[in-house]
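Biologist: Could you take me through this structure, one topic at a time?
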2 protein chains.
Amino acid sequence: MVSADALSSTFAALADPTRRALLAHLARGNATVTELAEPFDLSLPAISKHLKVLERAGLVTRAREAQWRPCQLRARPLREAADWIEAYRELWEHRFDRMAEYLEELQQRRQEETR
Amino acid sequence: MVSADALSSTFAALADPTRRALLAHLARGNATVTELAEPFDLSLPAISKHLKVLERAGLVTRAREAQWRPCQLRARPLREAADWIEAYRELWEHRFDRMAEYLEELQQRRQEETR
């Protein structure tokens with residue numbers, strides 16, 4: 001079981017486009033803070049602040065031994081967030097099914113009317 | 001395409017255990033604010049505040065005509081959040097695969113050592 005607070009931290013960390021972009025970058029491989037800052041029009045301290053939020057949520061870890069301390073993505077919290085949302089999948093799929101059925105019915109009715 | 005801000009609003013709305021519990025309640029059917037407040041040790045204004053965050057994120061709509069204005073869950077933002085996270089599924093599945101391979105290798109090595 002994932003604690004409610006861990007899940008809240010994950011969702012809060014994902015609630016920012018820069019942080020999501022940082023995760024997308026790290027999904028392609030480990031990177032240093034300087035490498036991560038490059039595509040953004042942001043200062044290193046601003047990037048570091050975003051990284052700290054991701055670290056607290058367990059989405060990023062930083063190597064201790066190397067001097068440049070590369071960042072690494074940790075996928076586990078993403079999996080737990082996905083698990084939470086997946087519980088609702090049936091809901092939206094059923095709604096779309098019902099919508100599709102309704103549209104089909106509408107079309108049939110129109111065809112009958114124009115006969 | 002979902003705008004970056006819509007996705008941020010969705011994740012921010014999900015970053016709270018009370019709001020996630022409200023969505024879980026609404027997944028079972030529409031409900032009034034009073035009905036939603038019942039299981040929580042929270043005032044009606046506190047629940048209303050959470051509902052407003054969910055409404056702004058497009059996760060909840062409220063009927064205008066009825067006097068009791070029942071709340072309804074809208075699944076679309078959840079589907080979009082799931083789509084975003086799903087892009088990372090391969091990542092965590094591959095990592096778990098690699099972990100499983102490593103454990104298998106370790107076990108085989110041990111079996112060879114004890115022969």
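The conversation below covers conventions, the fold, the core, one helix and the cysteines.

Modeller: This is a predicted model, in which local features need pLDDT of at least 70, side-chain atom pairs count only at pLDDT 80 or more, and totals for chains, interfaces and linings use all residues. Residues are numbered from 1 along each chain as its sequence is written, chains are lettered from A and ligands numbered from 1 in the order in which they are written, and side-chain values use heavy atoms, leaving out hydrogens and water.

Biologist: How many helices and strands are there in chain A?

Modeller: Chain A has six helices and two strands; helices (H or I, at least four residues) and strands (E, at least two) are DSSP runs, numbered from the N terminus. Their order from the N terminus is α-α-α-α-β-β-α-α.

Biologist: And what percentage of chain A is buried?

Modeller: Of the 115 residues in chain A, 37% are buried. Buried means under 20% relative accessible area, exposed over 50%, and partly exposed in between (1.4 Å probe, protein chains only).

Biologist: How can chain B be laid on chain A?

Modeller: A turn of 180 degrees and a shift of 0.1 Å along the axis lay chain B on chain A with an RMSD of 0.1 Å. That is the relation of a two-fold axis. The same surface serves both copies, as 100% of the contact residues of chain B recur in chain A. Contact means heavy atoms within 4.5 Å, and the superposition is by least squares on the C-alpha atoms of residues with pLDDT of at least 70 in both copies.

Biologist: Which residues have the most contacts inside the largest nonpolar core?

Modeller: They are Ile85(A) and Ile85(B), in a core of 58 residues. Such a core is a set of buried Ala, Val, Leu, Ile, Met, Phe, Trp, Tyr and Cys residues joined through side-chain atoms within 4.5 Å. Leaving aside residues up to four places away in sequence, Ile85(A) touches Phe11(A) and Trp92(A), together with Leu14(B), Leu78(B), Ala81(B), Ala82(B) and Ile85(B).

Biologist: Why is helix H2 of chain B largely enclosed by the rest of the structure?

Modeller: Helix H2 of chain B (residues 17-26) is largely enclosed because seven of its ten residues are buried. Among them are Arg19(B), Arg20(B) and His25(B). At the start of H2(B), a side-chain oxygen of Asp16(B) lies within 2.9 Å of the backbone nitrogen of Thr18(B).

Biologist: New topic: how many disulfides are there over all chains?

Modeller: The search finds zero disulfides, a disulfide being a pair of cysteine sulfur atoms within 2.5 Å. Cys71(A) is buried at a relative accessible area of 0%, and Cys71(B) is buried at 0%.

Note on methods: A polar contact is a pair of N or O atoms within 3.5 Å; within protein, one must be able to donate a hydrogen and the other to accept it, and residues adjacent in sequence count only if both atoms are side-chain atoms.
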